[in-house]
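Work through these exercises with the sequence and the 3D view side by side. Try each task before you read its solution.

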Amino acid sequence: MSHIILPKKWNLPAKEITPEHVFNNRRHFLKLMGFTTAGIAGALFAPPAFAQSGLSRLAERLVAEKQNAALPYYKNLKRNPEYTIRRPMTDEPVALKYNNYYEFSPEKDDVWKHLDQFEPHPWQIEITGHIKHPGKYAIEDFIKQFSIEERTYRHRCVETWAMVVPWNGFEMMDLLKKVQPTSKAKFIKFTTFQNPEAAPGQKIYNTLPWPYTEGLTMDEAQNELAFMATGIYGHTLPKQHGAPIRLVLPWKYGFKSIKAIVKIEFTDKRPTTFWNTLIPKEYDFVANVNPDVPHPRWSQRREKMIGTGEVYATQKYNGYGDFVANLYA
Ligand code: MTE
């Protein structure tokens, strides 16, 4: 595997290369995200912020209804019984109001309030690099090529919160069959939109390495769990979950599951990725869920379900070892 080429400025202590106001801007961002002294370790044991949001159940329902009002529902969505979970499903209004989406806000219970200027339609997606059939598509034409099914997956954030949600979309392998990667393709790089006018996080924290990018090896992309989600809870994706299309990789920490994809590029070198570029010591490229490898600032032994606050022991590969352990033997 080739080494990651980092833009030089991210290798240097921020103060050496950045004007002070810009440095403070980045430091503020990192602090909000728990990347300074206290970290989020305390949050694992304190009552979860999401359960204490101050909104009544009625207000939560109204938020969910507002967010979902414009979303088309699928009539004959087929559930794939291979991918179901014994844990209770996370309530939709809870998942809608607890998001990681730093383009909009570094505060999880705040993302849904900052989406008004963002328009995921019309949308184009480009598939490029070492493949036989590159192309640029309107998102509707792109999705039309695949048959959509529903899968319920666990989701485990690196920050120790977890949820169980029904995604809908198609297997990444279906995309690979269509575009036909050549023998030069070793990795896939995924890129999110860049539009600071519509995404306040990109505007305020403008020294971060936007646009958000992520990557996979070709072997990982061919695994049956790797999923391109076009919807959730029986309808298309709302903005906060990554409309109009995102990645879902349930055996990896959630930051690998990049939202609002505009470009999928097949490369011969390991791509640079957002978090790995920003804080390489804390976020590696592989990022498989593993209770035995603590985050440098907190334990990964346990996870807490959003909404109910139930705590479970973290499972290696987030419980998907039967599907993926062979990839890392
Ligand atoms: N994709 C983009 N473009 N920007 C982000 O900030 N956050 C990631 C991932 N995808 C993120 C992203 C993280 S850290 C997590 S845990 C999941 O999205 C959260 O997905 P959800 O908000 O739909 O639950």
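A polar contact is a pair of N or O atoms within 3.5 Å; within protein, one must be able to donate a hydrogen and the other to accept it, and residues adjacent in sequence count only if both atoms are side-chain atoms. This is a predicted model: local features need pLDDT of at least 70, side-chain atom pairs need pLDDT 80 or more, and totals for chains, interfaces and linings use all residues. Residues are numbered from 1 along each chain as its sequence is written, and side-chain values use heavy atoms, without hydrogens and water.

**Exercise 1. The ligand**

Task: Find the polar atoms that face oxygen atoms of the ligand, then describe the site.

Solution.
- Step 1. Start with Arg 246. A polar atom of its side chain lies 2.7 Å from a ligand oxygen.
- Step 2. Ask how much of the ligand the protein buries. Alone, the ligand exposes 540 Å², and the protein buries 99% of that. Accessible areas come from the Shrake-Rupley method with a 1.4 Å probe; for residues, only the protein chains shown count as cover.
- Step 3. Go to Tyr 102. Here a backbone N or O atom lies 2.8 Å from an oxygen atom of the ligand.
- Step 4. Add Asn 99. A polar atom of its side chain is 3.1 Å from an oxygen atom of the ligand.
- Step 5. List the neighbours. The ligand is surrounded by 19 residues (a heavy atom within 4 Å counts as near). The closest are Glu 103, His 241, Arg 246, Ser 257 and Lys 259.
- Step 6. Sort the shell. It has eight nonpolar, eight polar and three charged residues. Ala, Val, Leu, Ile, Met, Phe, Trp, Tyr, Cys and Pro count as nonpolar, Asp, Glu, Lys and Arg as charged, and the others, Gly among them, as polar.

**Exercise 2. Buried or partly exposed?**

Task: Place Met 172, Leu 247 and Val 262, and classify each one.

Solution.
- Step 1. Learn the cut-offs. Buried means under 20% relative accessible area, exposed means over 50%, and partly exposed lies in between (1.4 Å probe, protein chains only). Helices (H or I, at least four residues) and strands (E, at least two) are DSSP runs, numbered from the N terminus.
- Step 2. Met 172 belongs to helix H7, residues 172–179. Its relative accessibility is 0%, so Met 172 is buried. Its C-alpha atom is 8.2 Å from that of Leu 225, and the two are 53 residues apart along the chain.
- Step 3. Leu 247 is in strand S10, residues 246–248. Leu 247 has 1% relative accessibility and therefore counts as buried. From Leu 247 to Phe 227 the C-alpha distance is 6.0 Å, with their positions 20 residues apart in sequence.
- Step 4. Val 262 is part of strand S11, residues 261–267. Because its relative accessibility is 24%, Val 262 is partly exposed. Val 262 and Ile 127 are 135 residues apart in sequence, yet 8.7 Å apart from C-alpha to C-alpha.

**Exercise 3. A contact from a loop**

Task: Which side chain does the side chain of Arg 87 make a polar contact with?

Solution.
- Step 1. Locate Arg 87. It lies in the loop between strand S1 (78–79) and helix H5 (92–96).
- Step 2. Classify Arg 87. Its relative accessibility is 11%, so it is buried.
- Step 3. Name the partner. The side chain of Arg 87 makes a polar contact with that of Glu 303, at 2.8 Å.

**Exercise 4. Unusual backbone geometry**

Task: Find two cis peptide bonds and two positive phi values.

Solution.
- Step 1. Recall the background. Most residues other than glycine have a negative phi, and most peptide bonds are trans.
- Step 2. Check His 121 to Pro 122. This peptide bond is cis, with omega near -5°. Pro 122 is in the loop between H5 and strand S2 (124–129).
- Step 3. Check Trp 210 to Pro 211. This bond is cis, with omega near -5°. Pro 211 sits in the loop between helix H8 (200–204) and strand S7 (213–217).
- Step 4. Look at Thr 160. Its phi is positive, about 85°, though Thr 160 is not a glycine. Thr 160 is in the loop between strand S4 (149–156) and strand S5 (161–171). Its relative accessible area is 6%, so Thr 160 is buried.
- Step 5. Finish with Gln 180. Its phi is positive, near 55°. Gln 180 is in the loop between H7 and strand S6 (187–192). With 34% relative accessibility, Gln 180 is partly exposed.
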